[in-house]
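Visitor: I'd like to learn how to read a model like this one, feature by feature. Could you take me through it?

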Amino acid sequence: MQEKYIDETKQGEAFAIAEREGNSKKLFLESYGCQMNFSDSEIVASILNEQGYNTTLKVEEADLILLNTCSIREKAEQTVRMRLSQFKNLKKERPNMTVGVLGCMAERLKTKFLEEEQLVDLVVGPDAYRDLPNLLKETEDGRDAINVILSKEETYADINPVRLGGNGVTAFVTITRGCDNMCTFCVVPFTRGRERSRDPHSILDECKNLWESGYKEITLLGQNVDSYLWYGGGPKKDFAKASEMQKATAVNFAQLLDLVAKAVPEMRIRFSTSNPQDMSLDVFRMMAKHDNICKYVHLPVQSGSNNMLEAMNRQHTREEYLDLIKKAKEIVPDISFSQDMIIGFCNETEQDHQDTLSLMREVEYDYGYMFAYSERPGTPAHKKMEDNIPADVKQRRLAEVIALQGELSRNRMKSYVGKTHKILIEGISKKNKNQWKGRNSQNAVCVFDMLEGQKIGDIVDVFVFDNTQGTLLGETVSK
């Protein structure tokens with residue numbers, strides 16, 4: 001298990017790329033939250049690179065500070081507010097420095113940042129990054145700048161993202177933006193807008209370019225990748241109005257997977273995030289068909305209780321979810337799953353909680369991301385439901401879920417012991433500089449001793465001889 005749960009108090013991650021000759025300004029760009037935000041930061045860096053900005057890891061030398069923010073949970077927003085407060089003295093010392101807030105929190109809070117913080121000069125939503133050059137000119141003229149307009153078309157398909165930080169081996173490729181699902185607890189549809197898909201030709205071109213640049217693994221990324229549907233552009237909700245030719249030539253997610261797997265046959269392919277109601281069995285059939293599609297799916301369920309699933313507007317039942325898992329394991333016997341789980345949602349009973357625990361035991365997840373429910377302003381749950389589960393009850397139930405996932409993770413890791421796995425070397429182990437770290441097809445992390453001639457980006461056969469709760473311990477198989 002890579003993580004038992006996400007540390008929401010963690011400061012964002014800042015990345016830098018090689019300097020571009022001729023650029024004279026410095027950009028400090030820090031990202032919070034989901035993988036989509038980190039992918040968006042690469043788009044922002046690419047746009048600003050063309051505007052004379054080089055990235056820096058030293059906030060004190062920055063001409064422009066941008067925080068790419070997350071609104072998914074209250075703690076994530078609190079973390080960003082605390083981070084902004086740390087820039088106040090820096091702003092006094094360097095009054096010409098520009099501070100901006102990007103992403104979901106920017107869209108949700110809009111003018112509040114400009115009015116309340118007395119620090120932020122620039123507020124830009126997820127669909128307005130192309131407007132950054134114009135907005136920065138406004139701030140240079142002494143005006144606050146804001147653009148949080150959501151788009152039904154924007155996919156940034158023509159922008160070649162720079163690759164911030166990273167290992168030069170794995171990369172994200174965004175294929176969808178926005179979400180139509182309207183789960184009652186979730187702010188994403190309001191901060192990222194309607195669901196739309198990216199032109200498959202631009203996706204294939206990006207994947208090929210990454211392979212030619214030395215990358216060995218890509219993750220196809222979206223709020224809901226299974227809902228991918230390209231029919232010439234526009235929101236998915238308008239597909240019913242498409243012409244007969246558009247419908248006949250439309251590309252769904254399973255077909256896109258097939259196209260990508262064939263276009264870069266030696267590239268490892270992952271995808272995230274999936275949603276049960278949109279996941280088709282054809283996706284699992286493509287995983288079985290192509291060796292280069294990894295045998296792992298992050299499939300959030302949020303609760304094991306039908307009562308809670310209905311209250312959350314999840315559009316699937318416990319029985320449908322378990323049936324999907326069962327059929328997936330029949331099609332791809334060596335598949336692994338991870339989960340998202342919300343604990344203590346409105347009106348959750350002890351029986352609802354027990355239903356969650358029993359579902360976890362039945363699925364046998366490799367790992368999971370588990371949270372106590374926090375009310376998000378503007379969501380249907382906030383408007384119409386009472387957050388009525390006491391904090392101590394939430395924390396007790398969350399602890400039980402985390403403990404069970406730990407037990408399941410140990411068992412799942414143990415199932416990989418005694419077997420040889422193909423591991424992509426992604427970097428050096430944090431705990432031992434003489435060991436590599438990488439992941440197998442099922443996304444389990446493995447560490448093993450370095451051998452002469454091995455390098456980052458190699459795929460090597462590793463025999464796993466032991467495990468911890470979250471890591472496989474192995475040794476390279478000699479040829």
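Guide: Let's begin with a term we'll need for the loops: helices and strands here are DSSP runs, a helix having at least four residues and a strand at least two, numbered from the N terminus. Keep in mind that this is a predicted model.

Visitor: How many helices and strands does the chain have?

Guide: There are 16 helices and 22 strands in the chain. The radius of gyration is 23 Å, close to the 23 Å that the globule rule gives for 479 residues, so the chain is as compact as a globular protein of that length. If you like to think in boxes, the C-alpha atoms fill one of roughly 65 × 60 × 55 Å along the principal axes.

Visitor: Okay, loops. Which loop holds Q302, and what is its phi?

Guide: The general idea comes in handy: most residues other than glycine have a negative phi, and most peptide bonds are trans. Q302 has a positive phi of about 80° although it is not a glycine. You'll find Q302 in the loop between β15 (296–298) and α12 (306–311).

Visitor: And the peptide bond from S272 to T273, is it cis or trans?

Guide: That bond is cis, with omega near 0°. T273 sits in the loop that runs between β14 (268–272) and α11 (281–289).

Visitor: Now sheets. How do I read those?

Guide: Strands of a sheet pair through backbone hydrogen bonds, either parallel or antiparallel. One sheet here is open: 3 strands in the order β8-β11-β14, with parallel pairing. Its edge strands are β8 and β14, each pairing on one side only. On average, neighbouring strands of this sheet are turned by 25° against each other, direction ignored.

Visitor: How many bridges hold β8 and β11 together?

Guide: β8 and β11 (residues 217–221) pair in the parallel sense over 5 bridges. To find the register on screen, look for A171, which stands opposite I218 in β11.

Visitor: What order do the strands take in the barrel?

Guide: The 5 strands close into a barrel in the order β18-β19-β20-β22-β21, and the pairing is mixed. Neighbouring strands in that sheet are turned by 50° against each other on average, direction ignored.

Visitor: Let me trace some of it. Where should I start?

Guide: Try β18 (residues 420–428), which pairs with β19 (residues 435–439) in the antiparallel sense over 4 bridges. β18 and β19 form a hairpin, with 6 residues between them. Two partner pairs help you line the strands up: I425 has G438 of β19 as its bridge partner, and L424 has R439 of β19.

Visitor: Which strand does β18 meet over 5 bridges?

Guide: That one is β21 (residues 459–467), and the two run antiparallel. Here I423 has V460 in β21 as its bridge partner, while K422 stands opposite D461 in β21.

Visitor: How does the trace go on from β21 to β22?

Guide: Through a hairpin, with 3 residues joining the two strands. β21 and β22 (residues 471–476) pair in the antiparallel sense over 5 bridges. As a landmark, the bridge partner of V464 is G474 in β22.

Visitor: Last topic: empty space. How would I look for that?

Guide: Rolling a probe the size of a water molecule over the atoms shows where empty space is left. In this model there is 1 cavity of 30 Å³ or more, and the largest cavity has a volume of about 70 Å³. It is lined by 13 residues, and the closest to its centre are I43, P161, T174, R198 and E206. The elements giving two or more residues to the lining are α1 (35–49) and β8 (170–174), and β8 is one of the edge strands of the open sheet.

Visitor: What kinds of residues make up that lining?

Guide: By class, you get 6 nonpolar, 3 polar and 4 charged residues.

Visitor: And why does the largest cavity lie between domain 1 and domain 2?

Guide: Because domain 1 (8–147) and domain 2 (170–415) both give residues to the cavity's lining.

Note on methods. Residues numbered from 1 in each chain as written. Predicted model: local features only at pLDDT ≥ 70, side-chain atom pairs only at ≥ 80, totals over all residues. Heavy atoms only, no water. 1 Å grid on protein atoms, 1.4 Å probe; cavity = no way out; pocket = protein on both sides within 12 Å on 5 of 7 lines; lining within 4 Å. Points joined across faces, edges and corners; volume = space filled by probe spheres on them. Nonpolar A, V, L, I, M, F, W, Y, C, P; charged D, E, K, R; others polar. Domains from an automatic or database assignment. Pairing = 2+ DSSP bridges. Axes fitted to C-alpha atoms, helices over the stretch in contact; angles between N-to-C directions. Rg over C-alpha atoms; globule rule 2.2 N^0.38 Å.
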